[in-house]
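Q: Please take a close look at one strand of this model. Which neighbours does the strand pair with, and what open space does it help to line?

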Amino acid sequence: MTEPFARPTALAHVRVTVTDIHRSKAFYQQLLGTDPAIDFSDQVDEPGVREDRERFYGGSVFRLGDQVFGLRPVAPAGQTFDPDTVGLDHVSFVVGSVDELHEAAARLDAAGVEHGEVTDLGDAGMVILSVQDPDDINLELAALKG
């Protein structure tokens, strides 16, 4: 067996793509029994917000204990999810440290696998390394800060 690229220990977060952030946020507030920990849904219709990672694309993020679940409002109105097609926004896997992210990047480089830079997400509390799966689904390896 070859050396793995990384050794994830858990999921860091999951974010789903939605068509109407206000409707979805209200649904998840009710479902989860909590308000979003991060919420930029009031800015979703401002120019550039749906492309702004620092404002979570105009979405909402719920903290569930050690888990995080987010909503990204970029799907066209009227579009519906089809479980028989490829896709979701991304899946994030927790690794033990930022050093492990750099080690994973080196292993991905050695294997010729394209990936993003190790990136500090600031107030989000994590550092990430992005890579696409064979179906072009974005995956993150994430180390929590602090």
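A: What follows is a walk around strand 7 in a predicted model.

Start with the strand itself. Strand 7 covers residues 126–132. Six of its seven residues are buried, so the rest of the structure largely encloses this strand. Buried here means under 20% relative accessible area.

Now look at the neighbour before it. Strand 6 is residues 119–120. Strands 6 and 7 run antiparallel and are joined by two bridges. One contact to find is T119, whose bridge partner in strand 7 is I128. The two strands form a hairpin with five residues between them. In that hairpin, G122 takes a positive phi near 60 degrees.

Next, turn to strand 8, residues 138–144. Strand 8 also pairs with strand 7 in the antiparallel sense, over seven bridges. Here V131 stands opposite L139 of strand 8.

Last, the open space. The largest pocket has a volume of about 710 Å³. Its lining counts 33 residues, and the closest to the pocket centre are H13, F56, L121, A124 and M126. M126 belongs to the run 126–132, which is strand 7. Strands 7 and 8 are among the elements that give two or more residues to this lining. Strand 1 (10–17) is another of these elements. Strand 1 gives the most, with five residues. By class, the lining has 15 nonpolar, eight polar and 10 charged residues.

So much for the pocket. To retrace the path, follow strand 7 from its two bridges with strand 6 to its seven bridges with strand 8.

How values were computed:
Residues are numbered from 1 along each chain as its sequence is written. This is a predicted model: local features need pLDDT of at least 70, side-chain atom pairs count only at pLDDT 80 or more; totals for chains, interfaces and linings use all residues. Side-chain values use heavy atoms; hydrogens and water are left out. Buried means under 20% relative accessible area, exposed over 50%, partly exposed in between (1.4 Å probe, protein chains only). Helices (H or I, at least four residues) and strands (E, at least two) are DSSP runs, numbered from the N terminus. Two strands pair if DSSP finds at least two bridges between them. On a 1 Å grid over the protein atoms alone, a cavity is a set of points where a 1.4 Å probe fits but cannot get out, and a pocket is an open set with protein on both sides within 12 Å along at least five of seven lines; lining residues have an atom within 4 Å of a point. Grid points are joined across faces, edges and corners, and a volume is the space filled by probe spheres set on the points. Ala, Val, Leu, Ile, Met, Phe, Trp, Tyr, Cys and Pro count as nonpolar, Asp, Glu, Lys and Arg as charged, and the others, Gly among them, as polar.
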